[in-house]
Amino acid sequence: MSDTTPLCPRCAHRTIEHIFDSPVPGVWEVLQCGRCLYMWRTSEPARRTRRDAYPEEFMMTPEQIGAAPQVPAVPPLRTPAA
């Protein structure tokens, strides 16, 4: 099973990595873009899996990706008070 589009729905990058297969063989795959890190399951609707149907307001250019702020690290868990 593979995605019908060779492009990332969000940034149109061509390097798509296969991340995971469904527990039931052939039902779905999880894919990830090598540039913007967008992930999707192939069984999701076209607005999430196909570039031509992806919402324009969420599309990104390489320049936008490069200028995006880094997501802060999750702080360590606090130990409960005794």
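Start by selecting Arg41 and Trp28: in this predicted model, Arg41 sits over the face of Trp28, 5.3 Å from the ring centre.

Next, move to the aromatic rings. There are three aromatic pairs in the structure. For the one to pull up now, show Tyr38 and Trp40, which are stacked, with 5.3 Å from centre to centre and 25° between the planes. Colour by accessibility if you like: Trp40 has a relative accessible area of 2%, so it is buried. Tyr38 comes in at 12%, and it counts as buried too because the cut-off is under 20%.

Keep Tyr38 on screen and add Tyr54. How are the rings of Tyr38 and Tyr54 arranged? Their centres are 5.5 Å apart and the planes meet at 75°, so this pair is edge-to-face. Now zoom out to the backbone, since the pair links distant parts of the chain, 16 residues apart. Tyr38 belongs to the loop between β2 (29-33) and β3 (39-41), while Tyr54 is in the loop between α1 (46-49) and α2 (62-67). Tyr54 is buried, as is Tyr38. Select Tyr38, Trp40 and Tyr54 together and you have one aromatic cluster.

Stay on Tyr38 and show its neighbours. Leaving aside residues up to four places away in sequence, Tyr38 touches Cys8, Pro9, Arg10, Leu31, Gln32, Cys33, Arg48 and Tyr54.

Last stop: which residues make up the largest nonpolar core? Select Cys8, Cys11, Leu31, Cys33, Cys36, Tyr38, Trp40, Tyr54 and Ile65, nine residues in all. You'll recognise Tyr38, Trp40 and Tyr54 in that set, the trio from the aromatic cluster.

Key:
Residues are numbered from 1 along each chain as its sequence is written. This is a predicted model: local features need pLDDT of at least 70, side-chain atom pairs count only at pLDDT 80 or more; totals for chains, interfaces and linings use all residues. Side-chain values use heavy atoms; hydrogens and water are left out. A nonpolar core is a set of buried Ala, Val, Leu, Ile, Met, Phe, Trp, Tyr and Cys residues joined through side-chain atoms within 4.5 Å. Buried means under 20% relative accessible area, exposed over 50%, partly exposed in between (1.4 Å probe, protein chains only). Contact means heavy atoms within 4.5 Å. Rings of Phe, Tyr and Trp (its six-membered ring) pair if their centres lie within 6.5 Å; planes under 30 degrees apart count as stacked, over 60 as edge-to-face and the rest as tilted. Helices (H or I, at least four residues) and strands (E, at least two) are DSSP runs, numbered from the N terminus. A charge sits over a ring if NZ of Lys or CZ of Arg is within 6 Å of the ring centre and within 35 degrees of the ring normal.
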